[in-house]
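Subject: Structure handover

Hello,

Here is the structure you asked for, with the sequence. My notes on pockets, cavities, helix packing and backbone follow below it.

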Amino acid sequence: MANINVDELRNRIAGCWMGKSIGGTLGMPFESKRETFDVSFYTTPAGEPLPNDDLDLQLVWLKAAADRGPSGINSHVLAEYWLNLIPPPWNEYGIGKANLKVGLLPPLSGEYGNVWKHSNGAWIRSEVWACLNPGCPDLAIKYAYEDAIVDHGGGEGTYAELFTASVQSAAFMCHSRDELIEIGLSRIPADCRVARSIRLAIQCHREGKTWLEAREAVVADSADLGWFMAPANVAFFIIGWLYGEGDFGKSICIAVNCGDDTDCTAATLGATLGIILGLSGIPTKWTEPIGDRIITLAVDRGSRTDFPNTIGQLTEEVIELVPEFLRFGKAGIKIGKGPTDLAGTAIHKESTAAAQLWARPACGVQFDLVHSKCTVDYQKEPSIRAFEPFPLKITFVNQMPDHRHIQLRFVLPDGWTVSPNNHVDLLLMHNRTKQIEVVITPSDNIQAVNKGAIEVHAEARPQTGWLPVVFLSGL
């Protein structure tokens, strides 16, 4: 069993949150501007940090983690916390919430009609999963995926959070910049646009180009995606890291000077460097002007009053949960008072866990029925028109060591039909997966929102599943 010294962990987690606050405060005044800058220090009055949704949303996820425990965190749970505690309607946040409110569960909530699914709202909130799973990137990305699909579905924004969560989790164990970037790249598909932009930034650095030339190359390569999108902005984070040459202040300033989503790029880089350096390693030049306070703008403090108010308090709340997450994930790492000893531990450059996440369908809603896991895959956005057949793919995975018969019954609006049959019986073998395909054909009885369900009954099992299916009018 490897050991991480609790005081060292506290220093690195505090460094993460302080770096996040520093980068967000530095970059916020320049957010969404497309030009480059020549920023070298804060441009806001000394005394307090600027509020930032990058940090705010993670306070909500931390409360979900404390309330539900590591086994209780999934996209459906995070969606409920989002609706209750995160008011802003901005971009993908607003689209995701609107989709949730009509009944579309993740990842459909992040996929349907979402022109912002390739944007930055997910990868900027990866630190909480990294800090709860230090040195365990394959654990961190499982939670990061559940987080990201709520408002980014199968978009590049989801891949971006897998990248940053894996980098930041690994940074508790590995401090080599280049190795950390490769670990992050191994957790996202090699052909995704986030990976392409990161590799372009690396190539420019290796060829001796300036940070500005690297930035221009990334902007040109990402032009087809539009502005304010994850591939370019994650690359700006990488440019700051590469050209900052290990200097905390120089690194975050370069990230800001690339423009675009400047608070996000600098805050994520500041957090990553904060994990590596620890709070004690961040220059006081950067910490003293903003202090320890957390000021929020994107969480509902009226509905819940126990959000942490300082970085110190936030750090302690995270540390309290870390052992539980590591035990649940079978990480082989404990937190103790003895010296840090990571002998025998290693972070691999290939990840089965990541590949399994990439394979999950962008329009497939997953349900845990305890005895089985079920995925209802719409295979496309759930827009439906009168008399036009809509195919559904339904997959069951047996989670128990016995065989069972499962019966499905479809409950749909009046006049709608299911082929080949409204009732389906199947035998689910031990350790096997069973997939069926059905076709739903609506009548002319179509509303703006059309809700139905699939009733799932397993023979000799007490629980009956009730899986919602929702279709929106395509007219």
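The lining of the largest pocket divides by class into 21 nonpolar, 13 polar and seven charged residues. Please keep in mind that this is a predicted model. The space in that pocket comes to about 1,300 Å³. Its lining is made of 41 residues, and those closest to the centre are Glu146, Arg360, Gln366, Asp368 and Lys373. Both helices and strands take part: helices H3 (75–85), H7 (137–152), H16 (311–328) and H17 (352–359) each give at least two residues to the lining. So much is also true of strands E3 (364–368), E4 (372–377), E6 (390–398) and E12 (464–473), each with at least two lining residues.

The second largest pocket holds about 280 Å³ of space. It has 17 lining residues, and nearest its centre lie Gly135, Cys136, Pro137, Ala331 and Ala346. H7 appears again here, giving three residues, the largest share of this lining. By class the lining of the second largest pocket has eight nonpolar, five polar and four charged residues.

As for enclosed space, there are three cavities of 30 Å³ or more. The largest cavity has a volume of about 90 Å³. Of the 14 residues around it, Lys20, Ser21, Leu50, Asn52 and Leu55 are nearest the centre. Helix H1 (6–27) and helix H2 (53–68) each contribute at least two residues to the lining of this cavity. That lining has seven nonpolar, three polar and four charged residues.

Next, helix packing around H12. Helix H9 (residues 177–186) and helix H12 (residues 230–243) have axes that come within 11 Å and cross at roughly 160°, which means that H9 is roughly antiparallel to H12. The crossing of H9 past H12 is left-handed. On the H9 side the contact is made by Arg177, Asp178, Leu180 and Ile181, and on the H12 side by Ile238, Trp241 and Leu242. This contact of H9 with H12 has five nonpolar and two charged residues, and no polar ones.

H12 also packs on helix H14 (residues 262–277), at an angle of about 45° and with the axes 9 Å apart. H12 is therefore oblique to H14. Here the crossing is right-handed. H12 brings Asn233, Phe236, Phe237, Gly240 and Trp241 to the contact, while H14 brings Thr265, Thr268, Leu269, Thr272, Leu273 and Ile276. By class, the contact of H12 with H14 has six nonpolar and five polar residues, with no charged ones. Trp241 of H12 is thus listed in the contact with H9 and in the contact with H14.

Finally, some backbone points to check before you set anything up. Pro106 and Pro107 are joined by a cis peptide bond with omega near 5°. Pro107 sits in the loop between helix H4 (91–101) and helix H5 (108–111). The peptide bond from Ser419 to Pro420 is also cis, with omega about 10°, and Pro420 is in the loop between strand E8 (417–419) and strand E9 (423–428). Val370, a residue other than glycine, has a positive phi near 75°. Val370 belongs to the loop between E3 and E4, two strands that each supply at least two residues of the lining of the largest pocket.

Regards

Conventions
Residues numbered from 1 in each chain as written. Predicted model: local features only at pLDDT ≥ 70, side-chain atom pairs only at ≥ 80, totals over all residues. Heavy atoms only, no water. Axes fitted to C-alpha atoms, helices over the stretch in contact; angles between N-to-C directions. Helix = DSSP H or I, 4+ residues; strand = E, 2+ residues; numbered from the N terminus. Parallel < 35°, antiparallel > 145°, perpendicular 65-115°, else oblique. Left-handed = near helix turned anticlockwise from the far one by under 90°. Contact = heavy atoms within 4.5 Å. Nonpolar A, V, L, I, M, F, W, Y, C, P; charged D, E, K, R; others polar. 1 Å grid on protein atoms, 1.4 Å probe; cavity = no way out; pocket = protein on both sides within 12 Å on 5 of 7 lines; lining within 4 Å. Points joined across faces, edges and corners; volume = space filled by probe spheres on them.
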